[in-house]
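Biologist: I should like to go through this model with you, one question at a time. Please show how each answer is reached.

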Amino acid sequence: MPDIIQLLPDSIANQIAAGEVIQRPASVVKELLENAIDAGADEVNLIIKDAGKTLIQIIDNGKGMSETDVRMSIERHATSKIASASDLFELKTMGFRGEALASIASIAHLDIRTKQTDGELGTLLQIEGSDVVNQEAVTCKKGTSMSVKNLFYNVPARRKFLKSDNVEMRHIIDEFERVAIPNPHIKLTFHHNNNEIFHLEKGTFRQRIVQVFGKRYNEKLVPIEEETDIVKISGFIGKPETAKKTRGEQFFFVNHRFIKSAYLNHAIQEALEDLIPRDVYPSYFLMLDVNPSFIDVNIHPTKTEIKFEDERAIYAILRSSVRQGIGKNNVAPSLDFEQETSFNVPLHPTGPIQMPEIKVNPNYNPFDSDNNSHKPTNSGYSKQQLTPQQQHNRDNWEKLYQVNPEMADSVKQVFNPDSDDEQQSNHLIIPDHNQQEQPSSKSKAFQVHAKYIIAHIKSGLVMIHQSRAHERILYERYLVAIDEQKGYSQQQLFPQTVQLQAGDAELVKSISTDLQAAGVDIREFGAQTFVIQGLPDYATNQDPQTFIDGIVEHYKNNLQELRLEKREALARSLAKRSAIKTGKVLMPEEMENLIDELFACKNPYTTPSGRTIINTFTIDQLDNIFDK
Ligand code: ADP
Ligand code: MG
């Protein structure tokens, strides 16, 4: 038998290594930004075309490379950052493996222009798939410019695996932020297809966070400082009330390197235990400076996990410094997280209450069967064509609903928050035989604390959570609207602009077709600015900025935490944000409509996230309460 083992050519070995180091355009951005920082640059410009698929260029004003070094830089295991194994315990640089440039050079067209501080001429090196195709002396500025063109041009499988531009951009922005935030002493700009996405001037850590995430962050940050022998902690934690349902802005940087750590995250969650509920996530931006010899350096190039020698001590120090920071700054929780952020009406009102203005459709006829799903009634619930399943549900409901007419008359809605009458407001249900008889359809349901609707059924009564019921109805409707591209949009009298963070802006762009389909008429108007021309008819009274912020927040949560598919995630967020809230007083016909619509749903019993909408109490159960 002949021998069959042979050494792989370098170009293939590099391509294989590249598979690990460079997974997508964002990995190139990360590696090149880190190299620029390691080169001591204090100004770095990132230029991207077509989400990095056509061009990724990074220009820095760092120390540059000599003619020989630039040739060496693209060799595998070629690095200036460590010379011996012991250096691994003294690491102060972002890179040290000497793999990034070799990998990138093997799967793209790479142009490097570089000049050292004291050099007169610089060097241009052009590489195509690991082959140097040109090297010449050029005049150029001090520093290095790396252009990566046609990424994965020779790895079609990888190229095909790339996601849409919006998704790839989202990854690039994530990597950019992870480098930009812990390096406020570096001026950074970021352009995509000639639009400026970020322009970050040098400043303090706080200023950098505010530049990246928006001015609104300025008052939300509580400083955290602690210095011990093991670790120095500095940075900020978001005030408890800014905690979100998505993991959003959670950043740990260990020696200026972004890391993920469920363990340390837990320390923060625990420090805030009494201040925020378990299922929301605080935002934080924390720098941990640790002696490099206390860290396990065997970090996988693309992994962001890290191992500390003294993890438990760091946990304890972190937890106590967050507690102290919060205590010192006297930050008390000021929001009830059970409530939606857009809704701040107290459930148990204390002061005098204004009756909400309710417009009643004078032409409303509860028996009118002229259903049109695109024309909402004033209450916002429109009747719609029913599928056989929906009809079946509704028939069942109606059977259940048939009430003994005498009984129907004996219970009236008497809870009236406007009333001064002590007796009335203390008793929710008063039988009143003297009242003029009303059509039974109107006396069927009544509202309690502007939160629940109570209605008779043959066997007893049902309690319906009004806000959840509406969420279910809208959810099913939005799903259809998105699928069939026929959401009804109510045009705004004055189109309004909304501003989003760069990452959120990309996200909105990536779902804009579905948003349009659902009735959110949103158009791009600059890199992070959008114009809202119209909102779905259920959401017309909402402030567009708050509405879009809310949609983005819910959508991210649905996608990341619940791992829902896009369309489902969007329908849920839209339903959640546009549903009527607790606190909304409903007219009898609005309640009727709501009940009708609810029972026409495929699943009237729970919200899309599984929360109970309906509770039934049979007469037997009620009797039991009294006979105990
Ligand atoms: P590593 O960063 O792990 O050392 P890389 O492949 O990323 O490996 O880079 C190889 C070498 O090229 C670096 O060690 C550095 O000396 C040099 N280099 C890369 N990028 C730059 C840059 N922007 N400016 C100066 N030198 C650079
Ligand atoms: Mg590197």
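Modeller: One definition is needed at the outset: two strands pair if DSSP finds at least two bridges between them. Please also keep in mind that this is a predicted model.

Biologist: How many helices and strands does the secondary structure of the protein chain come to?

Modeller: The protein chain has 628 residues, of which 49% are buried. Among its contacts with a separation of 6 or more, 69% join residues 24 or more positions apart. Its secondary structure comes to 20 helices and 22 strands.

Biologist: How much area does the protein chain expose?

Modeller: Carbon and sulfur atoms supply 49% of the exposed area of the protein chain. The total itself is about 31,400 Å².

Biologist: In which sense do E7 and strand E8 pair?

Modeller: Strand E7 covers residues 187-192, and strand E8 covers residues 195-200. DSSP finds five bridges between E7 and E8, and one of these partnerships joins His 191 to Glu 196. The sense of the pairing is antiparallel.

Biologist: Which residue in the hairpin of E7 and E8 takes a positive phi?

Modeller: The hairpin of E7 and E8 has two residues between the strands. The residue there with a positive phi, near 45°, is Asn 193.

Biologist: Which residue stands opposite Phe 190 in E7?

Modeller: Strand E7 also pairs with strand E1 (residues 43-49), in the parallel sense and over six bridges. E7 is mostly covered, with five of its six residues buried. Opposite Phe 190 stands Leu 46.

Biologist: Which helix gives the most to the largest nonpolar core?

Modeller: In soluble globular proteins, nonpolar side chains tend to be buried together. The largest nonpolar core here holds 63 residues, and those that touch the most other members include Phe 190, Phe 176 and Phe 198. Leaving aside residues up to four places away in sequence, Phe 190 touches Leu 46, Ile 48 and Met 169, among others. The helix that gives the most to this core, with seven residues, is H2 (residues 25-38).

Biologist: How many residues does the second, separate core have?

Modeller: Its members include Leu 474, Ala 505, Ile 532 and Val 552. This core is separate from the one just described, and its size is 32 residues.

Biologist: Is Ala 39 buried or exposed?

Modeller: Ala 39 lies in the loop between H2 and E1, and it touches Gly 62 and Lys 63, not counting residues up to four places away in sequence. Its C-alpha atom is separated by 8.5 Å from that of Gly 143, 104 residues apart along the chain. A residue is buried under 20% relative accessible area. Ala 39 has 18%, so it is buried.

Biologist: Why is helix H8 largely enclosed by the rest of the structure?

Modeller: The buried residues of H8 include Leu 264, Ile 268 and Glu 270. Their cover includes strands E10 (231-238), E11 (250-254), E13 (284-290) and E15 (307-308), together with helix H9 (311-328). Helix H8 (residues 262-271) is largely enclosed because its buried residues number seven of 10.

Biologist: Which residue follows H7?

Modeller: Helix H7 runs over residues 205-213, and its buried residues include Phe 205, Ile 209 and Phe 213. The residue that follows H7 has a positive phi, near 110°, and is Gly 214.

Biologist: How much of the area that ligand 1 exposes when taken alone does the protein bury?

Modeller: The shell around ligand 1 comprises 19 residues, the closest being Asn 35, Thr 79, Ser 80, Lys 81 and Gly 98. An N or O atom in the side chain of Lys 81 is 2.6 Å from an oxygen atom of the ligand, and a backbone N or O atom of Gly 98 lies 2.7 Å from an oxygen atom of the ligand. A polar side-chain atom of Thr 144 lies 3.3 Å from a nitrogen atom of ligand 1. Taken alone, ligand 1 exposes 530 Å², and the share of this that the protein buries is 92%.

Biologist: Which helix and which strand each supply at least two residues of the shell around ligand 1?

Modeller: The helix spans 100-106 and the strand spans 143-149. They are H4 and E6.

Biologist: In E5, which residue is the bridge partner of Leu 124?

Modeller: Strands E4 (residues 122-128) and E5 (residues 131-138) pair in the antiparallel sense over seven bridges. Their hairpin has two residues between the strands, and Gly 129 takes a positive phi near 50° there. The bridge partner of Leu 124 in E5 is Glu 136.

Note on methods
Residues numbered from 1 in each chain as written. Chains lettered and ligands numbered in written order. Predicted model: local features only at pLDDT ≥ 70, side-chain atom pairs only at ≥ 80, totals over all residues. Heavy atoms only, no water. Buried < 20%, exposed > 50% of the residue type's maximum accessible area, 1.4 Å probe, protein only. Helix = DSSP H or I, 4+ residues; strand = E, 2+ residues; numbered from the N terminus. Contact = heavy atoms within 4.5 Å. Core = buried A, V, L, I, M, F, W, Y, C linked by side-chain atoms within 4.5 Å. Near = heavy atom within 4 Å. Polar contact = N/O pair within 3.5 Å; in protein donor to acceptor, adjacent residues only side chain to side chain. Areas by Shrake-Rupley, 256 points an atom, 1.4 Å probe, with all protein chains shown as cover.
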